Amino acid sequence: MPYADQPAAMVVPRFTVHQRITVMVNRYEVRAVAPDGSPGELLAMAQQKRLKLKEEVVFTADEDRTRPVFSFRARQRLDVHAEHDVYDEQGRVLGSFGKRFGASLLRSTWDLSVPGLTAVGRERRPVIAVLRRIWQFIPWLGDVWVPFVFHFDFTDTATGRPVLVVERRKSVRDRYDVSVPDARLDFRVAASMAVALDALQSR
């Protein structure tokens with residue numbers, strides 16, 4: 001197991017997640033951020049598998065999805081609050097995350113864990129969190145695009161220092177800017193958590 005202060009095997013300080021509009025599946029494009037802030041190289045493509053007894057999202061190295069490189073999968077079947085494990089290309093567990101049911105009733109809260117680090121993530125603005133929930137219960141509005149921009153901040157449970165920041169841009173199609181100030185958080189776990197915030201957030 002890595003030491004508590006040892007950097008992860010794969011560290012990417014900044015990247016973006018863009019949702020692609022498709023009819024049958026949810027797909028996400030994960031890209032690095034160039035020094036000038038422009039979109040950089042493609043890091044991974046993600047696809048959320050539908051009609052699975054256990055929620056699963058697979059990340060591939062290319063758009064043709066010929067080489068799976070990491071994934072995350074729920075531990076329990078048909079449980080929207082299940083713990084999810086993140087796996088590398090060889091099927092080894094890199095970390096895990098899960099949604100806190102009680103705390104998330106008013107403000108979405110997630111637990112995130114990798115070797116040597118545990119963190120908790122919450123919606124940054126409690127007022128927006130409440131407004132999002134009211135919107136979902138309004139007839140004819142709950143199933144359409146939510147006009148609220150929400151962000152998540154993950155902090156180290158031991159020190160309170162920032163670990164992961166996921167900020168949603170103002171866009172009809174979901175787009176997120178992700179920063180990882182803590183080098184102990186592996187990119188594959190960070191990318192999985194960022195995609196999960198979109199793919200699983202409303203569940």
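Before we start, a definition: a residue counts as buried under 20% relative accessible area, as exposed over 50%, and as partly exposed in between. Keep in mind that the model you are looking at is predicted.

**Exercise 1. Arginine 65**

Find the loop that holds arginine 65, then decide how its accessible area should be classed.

Solution. Begin with the location: arginine 65 sits in the loop between E4 and E5. Next, look at the backbone. Its phi is positive, about 60°, although the residue is not a glycine. Finally, take the relative accessible area of arginine 65, which is 40%. Buried requires under 20% and exposed requires over 50%, so arginine 65 is partly exposed.

**Exercise 2. Following the strands**

Trace the order of the strands in the barrel and describe how they pair.

Solution. Start at E1 and step along E1-E2-E3-E4-E5-E6-E7-E8-E9-E10-E11-E12; these twelve strands form a closed barrel with antiparallel pairing. From one strand to the next, the twist averages 20°.

Now zoom in on some of the pairs:

- E7 and E8 run antiparallel and are joined by four bridges. Here phenylalanine 97 has leucine 112, in E8, as its bridge partner.
- E8 pairs with E9 (residues 117-123), again antiparallel, through six bridges. Across this pair, aspartate 111 stands opposite valine 120 in E9. The hairpin of E8 and E9 has two residues between the strands, and glycine 116 takes a positive phi near 85° there.
- E10 (residues 151-156) and E11 (residues 162-168) are antiparallel and share five bridges. Phenylalanine 154 faces leucine 164 in E11.

**Exercise 3. Checking helix H2**

Work out whether the end-to-end distance of H2 agrees or disagrees with the expected span.

Solution. First, count: H2 covers residues 187-199, which is 13 residues. Second, apply the rule of 1.5 Å times one less than the number of residues; the expected span is therefore 18 Å. Third, compare: the end C-alpha atoms of H2 are 18 Å apart, which agrees.

**Exercise 4. H2 and the core**

Where does H2 lie relative to the strands, and what does the helix give to the largest nonpolar core?

Solution. Take the contacts first. H2 lies across a set of strands that includes E1 (14-20), E5 (68-74) and E12 (175-179), running at about 50° to E5. Then consider burial: 13 of the 13 residues of H2 are buried. Now turn to the largest nonpolar core, which has 41 residues; Phe15, Phe59, Leu164 and Leu185 touch the most other members. H2 supplies the largest share of this core, ten residues. As background, nonpolar side chains in soluble globular proteins tend to be buried together.

Key:
Residues are numbered from 1 along each chain as its sequence is written. This is a predicted model: local features need pLDDT of at least 70, side-chain atom pairs count only at pLDDT 80 or more; totals for chains, interfaces and linings use all residues. Side-chain values use heavy atoms; hydrogens and water are left out. Buried means under 20% relative accessible area, exposed over 50%, partly exposed in between (1.4 Å probe, protein chains only). Two strands pair if DSSP finds at least two bridges between them. Axes are lines fitted to C-alpha atoms, for helices over the stretch in contact, and angles run from 0 to 180 degrees between N-to-C directions. Contact means heavy atoms within 4.5 Å. A nonpolar core is a set of buried Ala, Val, Leu, Ile, Met, Phe, Trp, Tyr and Cys residues joined through side-chain atoms within 4.5 Å.
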